[in-house]
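Subject: Handing over a structure, with notes

Dear colleague,

I am passing on to you the structure we spoke of, and below it you will find my notes on what turned up when I went through it. Please read them with the structure open beside you.

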Amino acid sequence: MKELDALRSELMTAVDQAAGLDDLENIRVSALGKKGRITELMKGLGDMDADARKQAGQALNALKGEVADAIETKKRASSDSELEARLARESVDVSLPVRPESEGRIHPISQTIDEVVAILGEMGLSVAEGPDIEDDWHNFTALNIPPDHPARQEHDTFYLPGAGDDDRLVLRTHTSPVQIRTMMAGEPPFRIIVPGRTYRCDYDATHSPMFHQVEGLVIDEATHMGHLKGCIVEFCRAFFGVDDLPVRFRPSYFPFTEPSAEVDIGCTREGGEFRIGHGDDWLEILGCGMVNAKVLENCNVDPAKYQGFAFGMGIERMAMLKYGIPDLRTFYESDLRWLRHYGFNALQVPSMVGGL
Amino acid sequence: MKFPFQWLKEHLDTKASLDDVVERLTMTGLEIDKVHHRGKDLEGFVVGRVVEAKKHPDADKLSICQVDNGSETVVVVCGAPNARTGLVGVFAPSGSYIPGTGITLKPTEIRGVVSNGMLLSEREVNLSDDHDGIIELPDDAKPGSPAADAMGLADPVIEIEITPNRGDCLGVRGVARDLAAAGVGALKPLNCAPVPGVIESPIKVNLDFKVGAENACPYFVGRFVRGVKNGESPKWLKDKLTAVGLRPISALVDISNLMTMDLGRPLHVFDAAKVKGDLQVRLSKQGEKFSALDGKEYELDAEMTVIADDAGAEALGGVIGGAASGCTEDTVDVFVESAYFDPVRTAMTGRKLTIMSDARYRFERGVDPAFLVDGMEIATRLILDLCGGEPSELVIAGSEPDWKRDLTLRIERIESFGGIKIAENKITEILTALGFGVAEGNGVLTVSIPSWRPDIVGEACLVEEVVRIHGYDNIPAVPMDRSELPTPAIGPDQRRRGMARRLLAGRGLIEAVTYSFLSAKQASLFGGGAQALTLINPISADLDVMRPSLLPNLIAAAGRNADRGIANARLFEIGPRFFGAAPEDQDIVAGGIRSGVTGARNWAEPPRPVDLFDAKADALAVLGAMGLQADKIDAVAEAPGWYHPGHSGVLRLGPKTILAHFGEIHPRILKDMGVKGTHAGFEIFFDNLPKAKDKKSKARPFLDLPQFHAVERDFAFVVDADVSAAKVLGAARSAEKKLITQVSLFDVFEGGALGDGKKSLAINVVVQPVEQTLTDAEIEAIAEKVVASVHKATGGVLRS
């Protein structure tokens with residue numbers, strides 16, 4: 001037994017003093033390898049009697065385990081420190097900037113259209129579209145704006161040659177012709193939203209020759225002005241995210257609706273800062289009304305049976321108000337600084353459940 | 001349309017405050033544009049009378065004025081040339097702030113004389129730019145009284161916007177009528193008593209229209225007034241006109257302007273001495289010349305209404321009077337015209353000749369056809385009051401157009417259409433106050449329409465009148481019916497475009513929205529510029545053609561950004577392009593441009609110039625998201641001429657369906673557009689994609705994951721330089737259709753030992769065992785098939 005104690009002490013000391021992984025491997029081979037000292041002692045067990053063999057065997061096994069553990073522990077400690085030393089050598093300046101990535105943006109016009117659709121979609125309206133180049137009938141006449149109507153002069157229409165002087169085409173001055181196309185092509189009831197490009201021959205600080213509108217149309221047998229108010233009030237509050245936003249309906253005139261109204265929302269300029277919500281002032285944001293019976297007739301919809309409302313608003317204006325964009329003309333200039341500032345992250349998809 | 005508050009009160013008996021009136025106007029549909037507080041900058045200033053003005057002993061241009069300000073006499077040193085003894089002006093005491101100059105006055109010694117205030121010019125109180133002299137008030141203005149009162153500016157002016165349907169509100173009285181109906185006060189009676197004629201008019205009127213054109217002027221009321229004295233109008237009249245922005249001219253002209261503004265009844269006053277013979281109201285003759293009061297000569301066509309004498313057109317009916325027969329200070333006899341002109345013809349005439357006048361504005365919106373005689377009587381009385389003279393009997397030609405009509409209003413429609421229940425007596429009350437006649441009967445009202453409301457044509461108009469006056473505010477808001485969960489608001493096409501938009505933005509591109517039109521020059525560079533798509537009236541020559549492609553605007557935008565020092569643009573747009581004027585000749589395209597290099601300079605990896613493969617990647621990414629399988633899309637070098645011919649291509653589905661263009665923009669195009677550097681662009685044609693369908697089942701196909709490990713083999717083939725990679729890859733792929741699941745190209749090498757006209761393409765082939773692992777011999781057999789297939793298809797051989 002003393003022999004074993006001496007061996008243990010010698011091996012443990014050797015393990016403890018081993019300088020590296022190579023040393024440890026040498027010790028392992030010299031003790032536990034095929035011709036190692038412990039292995040040799042194990043081989044001698046066969047010559048012993050049963051009792052002695054049992055006793056010596058247990059002791060040897062214990063020693064073998066102890067040495068193996070010690071080597072393993074020392075090995076791990078040694079490799080850890082070597083790894084740490086290597087990692088320490090590898091350290092870099094973490095303040096270096098990352099590799100450049102380009103972040104894309106969604107234009108505020110697209111985002112605003114998506115927002116409007118998200119809200120009105122909840123009310124059962126779905127998107128309809130139509131051409132930018134229209135004929136006179138769809139853009140004006142069918143909407144109860146006959147050729148001599150003063151309202152036609154106020155539209156500042158762009159013209160295209162068409163088939164001749166009496167048959168000129170126009171760039172649609174509003175999205176309303178899509179109402180006509182939708183009603184002509186289908187059967188009531190109708191519940192549509194029409195976002196799109198519109199054009200007027202005007203250019204100054206508050207007018208752009210191209211801009212965007214969203215049109216809404218709801219036609220069935222029972223929709224009345226109360227529903228129009230309900231729809232618009234709810235829309236405005238959802239769009240601007242102001243639950244108690246004051247919304248005011250003022251009588252107005254559009255050839256294609258009767259009664260007609262302009263809608264104002266509450267705002268304040270107190271302290272020089274513009275804010276939408278309760279306040280001392282009003283801001284006009286859209287026009288609406290009950291669809292004129294003549295418009296329904298022009299679309300072969302029986303006004304004695306069907307009725308409903310339409311509304312239209314400028315997308316840019318809505319975006320300017322909601323997002324504090326000061327200048328209309330900047331929307332189309334494609335200035336990257338502007339687009340990065342006012343644009344939206346691609347994953348910011350508006351929805352009523354996810355937020356607008 | 002504007003009027004001072006007190007003018008409104010001449011027609012409206014009310015105690016309502018200005019704020020109340022403004023609020024009610026807004027809420028009845030007469031939108032307030034602005035309330036002008038004209039006397040605002042006169043606050044604190046009083047009437048001052050120069051008791052004595054003496055020349056300053058030490059300054060040629062200065063006067064020393066003793067000014068009576070109502071409570072004391074103070075010394076004012078004044079530099080105005082019109083400062084003189086007896087002048088009544090506007091006095092600003094020391095310590096007051098002068099709004100026009102921003103100066104606060106204090107006693108100042110001017111060349112030895114202390115000045116204790118100031119006599120003001122119009123510019124100093126922001127009334128005009130006039131600074132040539134100080135304001136002169138009427139001699140009877142009381143010193144010490146507020147200057148704004150003395151100047152007739154204390155009364156605020158209300159400016160409203162009248163919608164095109166409300167011609168009846170283009171006179172102050174019409175506005176008062178609406179307010180009275182809305183409960184703001186009572187409409188005062190109007191004195192329309194006839195003025196008896198004492199002479200016979202020497203001028204007769206004849207309506208001379210061909211059949212079918214009689215409605216141009218169906219009714220004409222005239223009156224001769226002999227022996228008038230036309231001079232300056234009295235102050236009350238001049239103040240009224242000035243307040244609404246008109247320049248007082250002479251009593252006769254001012255009276256006709258007052259009639260227009262006050263009662264919406266435009267008149268014309270001819271100098272009878274200059275009228276040759278009788279008056280003919282007729283259509284103009286083609287090429288007829290007319291000298292108008294605006295000093296211009298117009299050439300008329302055959303469709304305009306003129307009032308002519310033997311010498312020719314003396315007035316353009318409903319639009320403007322003529323220079324030859326206009327009134328002057330010397331006018332003695334006049335002939336007054338109060339006529340009805342057809343709105344459409346008046347509008348057309350005004351538009352063709354580009355004449356905008358207060359008369360045209362009213363006639364084209366419809367003046368009251370039953371107010372010609374009344375208007376004439378009122379005007380006659382004004383002329384007699386202000387100018388004297390002897391009136392003739394009325395000269396009447398034609399007859400009152402038939403404006404009388406009845407409409408029915410079902411009471412229940414107020415609720416079922418207007419959304420609010422209103423008691424029948426209240427409905428009747430509103431309509432009556434607006435001048436409608438109402439007869440009741442069994443839930444239905446028979447409503448007769450007043451002559452001044454040509455806009456009321458149907459039941460909905462009546463609902464509007466009732467609800468508008470009752471107040472839109474009172475209509476209860478009803479939520480939209482939403483008993484079911486909403487269905488999708490967008491269709492499959494719109495969903496695709498939305499996905500493409502967000503995908504491109506996710507790839508680092510920034511969305512732009514650019515005009516649908518551009519210059520003809522740029523359009524022609526991109527295959528556009530057809531006459532049919534050229535605007536007749538563009539806002540500028542740079543924006544006169546509908547765009548044939550989205551690229552030119554994006555390239556121009558990249559160029560503008562580069563000019564601002566922001567190179568490396570990455571822009572895209574989703575919007576229409578136009579190849580014809582018919583509705584089906586426009587489609588929706590996603591276009592994008594990457595310019596310059598791939599990114600900013602940085603420490604980790606150098607940026608590289610953008611190239612066609614960046615654009616191809618963008619296009620393929622979008623097409624992939626649209627559900628197209630990449631291996632079904634062919635890329636061929638057949639892009640249109642605005643692309644670099646060697647660095648561009650078309651993505652096709654089969655031989656005909658063009659899904660997208662991609663590539664570097666042709667350097668010559670870039671040069672013509674004035675932009676520098678490489679631009680790689682793409683255009684994706686959504687409408688050419690296989691139709692997006694909303695499939696019934698959303699289930700995906702069954703996924704059969706293989707159990708065995710895939711084996712990969714690399715090959716390098718030497719082929720002729722003009723052999724496409726796609727051909728080599730396709731041949732390798734088809735060598736063993738069942739087991740080869742993926743082929744990719746990882747190296748292209750040209751030159752070196754290969755010699756001219758050859759290149760080496762290195763490809764990686766993935767073999768996926770299906771039923772069991774493959775033996776070496778089986779794998780080797782597949783490899784041989786790959787080599788044989790590529791050789792057969794391309795002539796390529798394994799690189800040794």
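To begin with a question, is the crossing of H13(B) and H16(B) right-handed or left-handed? Before I answer, please bear in mind that this is a predicted model, and that everything below is computed from it.

The two helices in question are H13, residues 492-506 of chain B, and H16, residues 612-625 of chain B, whose axes come within 10 Å and cross at roughly 140 degrees. Since angles over 145 degrees would count as roughly antiparallel, this value makes H13(B) oblique to H16(B). As for the question, the crossing of H13(B) and H16(B) is right-handed. On the side of H13(B), the residues that take part are B:Met499, B:Ala500, B:Leu503 and B:Leu504, and they meet B:Asp618, B:Ala621, B:Val622 and B:Ala625 of H16(B). Sorted by character, the residues of this contact are seven nonpolar and one charged, with no polar residue. The spacing of such positions can be read against a general rule, namely that an α-helix has 3.6 residues a turn, so residues three or four places apart point the same way.

Next, the domains. In chain A, the domain assignment gives domain 1 (2-87) and domain 2 (108-342), and the C-alpha centres of these two domains of chain A lie 89 Å apart. In chain B, the assignment gives six entries, with domain 1 made of two segments (2-37 + 156-187), followed by domain 2 (40-150), domain 3 (205-398), domain 4 (406-474), domain 5 (492-688) and domain 6 (711-798). Between domain 2 of chain B and domain 4 of chain B, the C-alpha centres lie 58 Å apart.

The two chains also touch one another, with 73 residues of chain A in contact with 77 residues of chain B. On the side of chain A that touches chain B, the element that gives the most is helix H9 (residues 225-240) of chain A, with eight residues. That side of chain A divides into 40 nonpolar, 17 polar and 16 charged residues.

Some details of the backbone may also deserve your attention. In chain A, a cis peptide bond joins A:Pro188 and A:Pro189, with omega of about 0 degrees, and A:Pro189 is placed in the loop between helix H8 (177-185) and strand S5 (190-199) of chain A. Another cis peptide bond joins A:Glu258 and A:Pro259, with omega of about -5 degrees, and here A:Pro259 is placed in strand S8 (residues 257-268) of chain A.

In chain B, helix H7 (residues 343-353) has as its buried residues B:Pro343, B:Arg345, B:Thr346, B:Ala347, B:Thr349, B:Gly350 and B:Leu353. Just after H7(B) comes B:Thr354, with a positive phi of about 45 degrees, and this residue lies in the loop between H7 and helix H8 (358-363) of chain B. B:Thr354 has 7 other C-beta atoms within 10 Å and is therefore exposed, the cut-off being 12 or fewer. A positive phi, of about 55 degrees, is also found at B:Asn442, although B:Asn442 is not a glycine. B:Asn442 is placed in the loop between strand S27 (437-439) and strand S28 (444-448) of chain B, and B:Asn442 is exposed because 7 other C-beta atoms lie within 10 Å.

With best wishes

Technical notes. Residues are numbered from 1 along each chain as its sequence is written. Chains are lettered from A and ligands numbered from 1 in the order in which they are written. This is a predicted model: local features need pLDDT of at least 70, side-chain atom pairs count only at pLDDT 80 or more; totals for chains, interfaces and linings use all residues. A residue is buried if 20 or more other C-beta atoms lie within 10 Å of its own, exposed if 12 or fewer, and partly exposed in between; C-beta atoms are placed from the backbone. Helices (H or I, at least four residues) and strands (E, at least two) are DSSP runs, numbered from the N terminus. Domain bounds come from an automatic or database domain assignment. Two residues are in contact if their C-beta atoms, placed from the backbone, lie within 7 Å. Ala, Val, Leu, Ile, Met, Phe, Trp, Tyr, Cys and Pro count as nonpolar, Asp, Glu, Lys and Arg as charged, and the others, Gly among them, as polar. Axes are lines fitted to C-alpha atoms, for helices over the stretch in contact, and angles run from 0 to 180 degrees between N-to-C directions. Angles under 35 degrees count as roughly parallel, over 145 as roughly antiparallel, 65 to 115 as roughly perpendicular and the rest as oblique. A crossing is left-handed if the near helix is turned anticlockwise from the far one by less than a right angle, and right-handed if clockwise.
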